[in-house]
Amino acid sequence: MHIGVLEDDPDQQALMDLWLRSAQHSVEMFGTVADMLAALKGGSFDALLLDWMLPDGNGGEILRWVRQSLGWKLAIVVLTSRDDEQTVVDALQAGADDFVVKPAKQQELNARLLSAARRASPGGLPVMRMGAYEIDVPKHTLLLNGTPVTLTQKEFDLSVYLFQNPAKLMSRDHLLDRIWGISSEVDSRTVDTHVSRIRKKLKLDGNMGWKMVPVYGYGYRLERVDL
């Protein structure tokens, strides 16, 4: 997705930029309400991440302008250190899809942005493009150099999750919980089997720009490879 971030703190800007780009989003950063409004009038975004208190106003001004001028097809999540009930109510009433209190957690924030995007455009979640790979989650398709790859449901779910979290070391137990569920009766050998299958089917040996790297006794990491 192309995400606009309204945040005046440089450290928070750097953190949000790192988190969102690592999830393969493109990012535009704004430090004032005025700057973001100008960009919204001349550009296009898939989602907005808004701080609430800014030097020249608050996130509510952006929310109200977007809902009145652009409608409800733009996903908006408020991210702020203010957690009082009135601020939450004000943000939601102004048109926010979700509200996250700082300090945020990386995976949760990304999940909330994607969830807001699905609600804003049902069936229209942006296609993930990762070099030779193209993933359309709503349509349940994964293309390698334009050719569909046949995957089981779990293979597809595991592939999507790994591509959503590039360069992150994932333990077998973590993948087991996320893909099969915490109450699943399958064991970690199931993870190894599925990773082996998608490594072969998706050619994750480095020749296509991505490599599945096993970490002995722990799990796996999907790494980008410079060709």
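**Figure 1. The two faces of helix α2 in the predicted model.** On the face of α2 turned away from its buried side lie the exposed residues Ala38, Lys41 and Gly42. The helix itself spans residues 33–42, and its buried residues are Val33, Met36, Leu37, Ala39 and Leu40. These buried residues lie on the same side of α2, because they cover an arc of only 165 degrees around the axis. Their cover includes the strands β1 (2–6), β2 (26–30), β3 (47–50), β4 (53–54) and β5 (57–58), together with helix α3 (59–69).

**Figure 2. The largest pocket and its lining.** The space within this pocket amounts to about 450 Å³. Its lining consists of 24 residues, and those nearest the centre of the pocket are Ala111, Leu114, Tyr161, Gln164 and Arg178. Four helices, α1 (10–22), α5 (106–120), α6 (153–164) and α7, each contribute at least two residues to the lining. Helix α5 provides the largest share, with seven residues. Sorted by class, the lining comprises twelve nonpolar, eight polar and four charged residues.

**Figure 3. The surroundings of leucine 176 in helix α7.** The helix that holds leucine 176 runs over residues 172–180. Is leucine 176 buried or exposed? Leucine 176 counts as buried because its relative accessibility is 10%, below the limit of 20%. When neighbours within four places in sequence are set aside, the contacts of leucine 176 are Gly181, Val186, Asp187, Ser188 and Val191. Alanine 34, by comparison, is separated from leucine 176 by 142 residues in sequence and by 45 Å in space, taken from C-alpha to C-alpha.

**Figure 4. A salt bridge within helix α1, between aspartate 17 and arginine 21.** The structure holds twelve salt bridges, and in this one the closest N and O atoms are 2.8 Å apart. The two residues are four positions apart in helix α1, which is about one turn of the helix. Aspartate 17 has a relative accessible area of 24% and is therefore partly exposed. Arginine 21 is also classed as partly exposed, because its relative accessibility is 40%.

**Figure 5. A salt bridge between distant parts of the chain, formed by aspartate 97 and arginine 67.** The closest N and O atoms of this pair are 3.1 Å apart. Where in the chain do aspartate 97 and arginine 67 lie? Aspartate 97 belongs to the loop between α4 (85–94) and β7 (98–101), whereas arginine 67 belongs to helix α3, and 30 residues separate the two. Both aspartate 97 and arginine 67 are buried.

**Figure 6. The salt bridge of aspartate 84 and arginine 82.** The side chains of these two residues meet with an N to O distance of 3.5 Å. Aspartate 84 is partly exposed, because its relative accessible area is 30%. At a relative accessibility of 34%, arginine 82 likewise counts as partly exposed.

**Figure 7. A network of salt bridges.** Which residues are linked in this network? The residues joined by the salt bridges of the network are Glu7, Asp51 and Lys102.

Definitions and conventions
Residues are numbered from 1 along each chain as its sequence is written. This is a predicted model: local features need pLDDT of at least 70, side-chain atom pairs count only at pLDDT 80 or more; totals for chains, interfaces and linings use all residues. Side-chain values use heavy atoms; hydrogens and water are left out. Buried means under 20% relative accessible area, exposed over 50%, partly exposed in between (1.4 Å probe, protein chains only). Contact means heavy atoms within 4.5 Å. On a 1 Å grid over the protein atoms alone, a cavity is a set of points where a 1.4 Å probe fits but cannot get out, and a pocket is an open set with protein on both sides within 12 Å along at least five of seven lines; lining residues have an atom within 4 Å of a point. Grid points are joined across faces, edges and corners, and a volume is the space filled by probe spheres set on the points. Ala, Val, Leu, Ile, Met, Phe, Trp, Tyr, Cys and Pro count as nonpolar, Asp, Glu, Lys and Arg as charged, and the others, Gly among them, as polar. The arc is that of the directions from the helix axis to the C-beta atoms. A salt bridge is a side-chain nitrogen of Lys or Arg within 4 Å of a carboxyl oxygen of Asp or Glu.
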